[in-house]
Amino acid sequence: MSQNTIDDLTTFKPYEASPDEEYMSDAQLTHFESILKAWKQQLAGDAESTKTYIQDESAALSDTNDRATQEEEFALALRTRDRERKLVRKIDKSLAEISKGDYGFCETCGVEIGLRRLEARPTATQCIDCKTLSEIKERQNWGHS
């Protein structure tokens with residue numbers, strides 16, 4: 001596999017574009033595709049671990065407090081998996097954008113999102129300026145400061 005392939009998502013080599021390299025070159029797309037696929041695979045493994053954990057720990061506990069604690073742990077694990085399931089959909093969308101050649105460009109204004117932003121958030125769909133404006137508008141609409 002390539003040098004940019006990720007075994008552990010917390011440690012990957014940031015992409016270093018050459019000075020004359022075109023934005024979202026084949027090498028860059030391959031880099032981000034590797035990140036996204038590894039992330040998706042990790043999330044699938046986490047989901048399987050949660051399923052196994054709940055099955056293994058579902059023994060009927062006689063103590064009411066122990067049972068309540070266990071049910072709360074299960075609920076927390078399932079909420080986490082639900083958020084991750086939504087993230088997998090975003091990953092799939094990003095992978096589809098890579099195959100269509102649309103990945104890495106802001107869906108609002110069309111400018112480059114940027115390599116560093118995409119490495120920090122590979123599922124980003126907006127450049128930092130559009131995302132900032134979107135968040136400001138959201139806070140104004142919902143009255144949050």
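The exercises below, each with a worked solution, deal with a predicted model of a single chain.

**Exercise 1. The chain as a whole**

Determine how many helices and strands the chain has, and state what share of its residues count as buried.

Solution. Begin with the secondary structure: the chain has four helices and zero strands, and from the N terminus on its elements run α-α-α-α. Turn next to burial, where 30% of the 145 residues of the chain count as buried. For the surface, the chain exposes about 9900 Å², of which carbon and sulfur atoms supply 50%. Finally, consider the contacts with a sequence separation of 6 or more: residues 24 or more positions apart account for 53% of them.

**Exercise 2. The largest nonpolar core**

Establish which residues have the most contacts inside the largest nonpolar core, and which elements give two or more residues to this core.

Solution. The largest nonpolar core has 21 residues, and those with the most contacts inside it are Met24, Phe32, Leu36, Ile91, Ile98, Tyr103 and Leu118. Two or more residues of this core come from each of helix H1 (26-57), helix H2 (64-100) and helix H3 (115-120), with H1 giving the most, namely six residues.

Met24, one of the residues with the most contacts inside the core, is found in the segment before H1. Its phi is near 60°, a positive value in a residue other than glycine. Met24 counts as buried because its relative accessibility of 9% falls under the 20% limit.

**Exercise 3. Ile98 and its partners along H1**

Decide whether Ile98 is buried or exposed, and find which residues Ile98 touches when those up to four places away in sequence are not counted.

Solution. First place the residue: Ile98 is in helix H2. Its relative accessibility is 10%, and since buried means under 20%, Ile98 counts as buried. Next list the contacts: with residues up to four places away in sequence not counted, Ile98 touches Leu29, Phe32, Glu33, Leu36 and Tyr103. For one of these partners, Glu33, the C-alpha atoms are separated by 7.3 Å, although Ile98 and Glu33 are 65 residues apart along the chain.

A further pair involves Thr30, which lies in helix H1. Thr30 and Ile98 are 68 residues apart in sequence and 8.8 Å apart in space, C-alpha to C-alpha. With a relative accessible area of 41%, Thr30 is partly exposed, whereas Ile98 is buried.

**Exercise 4. Three charged residues of H2**

For Glu84, Arg67 and Lys90, work out which burial class applies to each residue, and then find the contacts of each, leaving aside residues up to four places away in sequence.

Solution. Take Glu84 first, whose place is in helix H2. Its relative accessible area is 17%, so it lies under the 20% limit and Glu84 is buried. Beyond residues up to four places away in sequence, Glu84 touches Leu43 and Asp46.

Arg67 is also found in helix H2. Its relative accessible area is 33%, a value between 20% and 50%, and therefore Arg67 is partly exposed. Leaving aside its neighbours within four places in sequence, Arg67 is in contact with Leu61 and Ser62.

Lys90 is again found in helix H2, and at 43% relative accessibility it counts as partly exposed. Not counting residues up to four places away in sequence, Lys90 touches Arg121 and Thr123.

**Exercise 5. The largest pocket**

Describe the largest pocket by the space in it, by the residues that line it and by the classes of those residues.

Solution. Start with the volume: about 240 Å³ of space lies in the largest pocket. The lining consists of Lys90, Lys93, Ser94, Glu107, Arg117, Arg121, Thr123, Ala124, Thr125, Gln126 and Lys131. Sorted by class, this lining has one nonpolar, four polar and six charged residues. The largest share of the lining, three residues, comes from H2.

As a last step, relate two of the lining residues, Lys90 and Thr125, to each other: they are 35 residues apart in sequence and 9.5 Å apart in space, C-alpha to C-alpha. The contacts of Lys90 with Arg121 and Thr123 likewise join residues that line this pocket.

Terms used
Residues are numbered from 1 along each chain as its sequence is written. This is a predicted model: local features need pLDDT of at least 70, side-chain atom pairs count only at pLDDT 80 or more; totals for chains, interfaces and linings use all residues. Side-chain values use heavy atoms; hydrogens and water are left out. A nonpolar core is a set of buried Ala, Val, Leu, Ile, Met, Phe, Trp, Tyr and Cys residues joined through side-chain atoms within 4.5 Å. Buried means under 20% relative accessible area, exposed over 50%, partly exposed in between (1.4 Å probe, protein chains only). Contact means heavy atoms within 4.5 Å. Accessible areas come from the Shrake-Rupley method with a 1.4 Å probe; for residues, only the protein chains shown count as cover. On a 1 Å grid over the protein atoms alone, a cavity is a set of points where a 1.4 Å probe fits but cannot get out, and a pocket is an open set with protein on both sides within 12 Å along at least five of seven lines; lining residues have an atom within 4 Å of a point. Grid points are joined across faces, edges and corners, and a volume is the space filled by probe spheres set on the points. Ala, Val, Leu, Ile, Met, Phe, Trp, Tyr, Cys and Pro count as nonpolar, Asp, Glu, Lys and Arg as charged, and the others, Gly among them, as polar.
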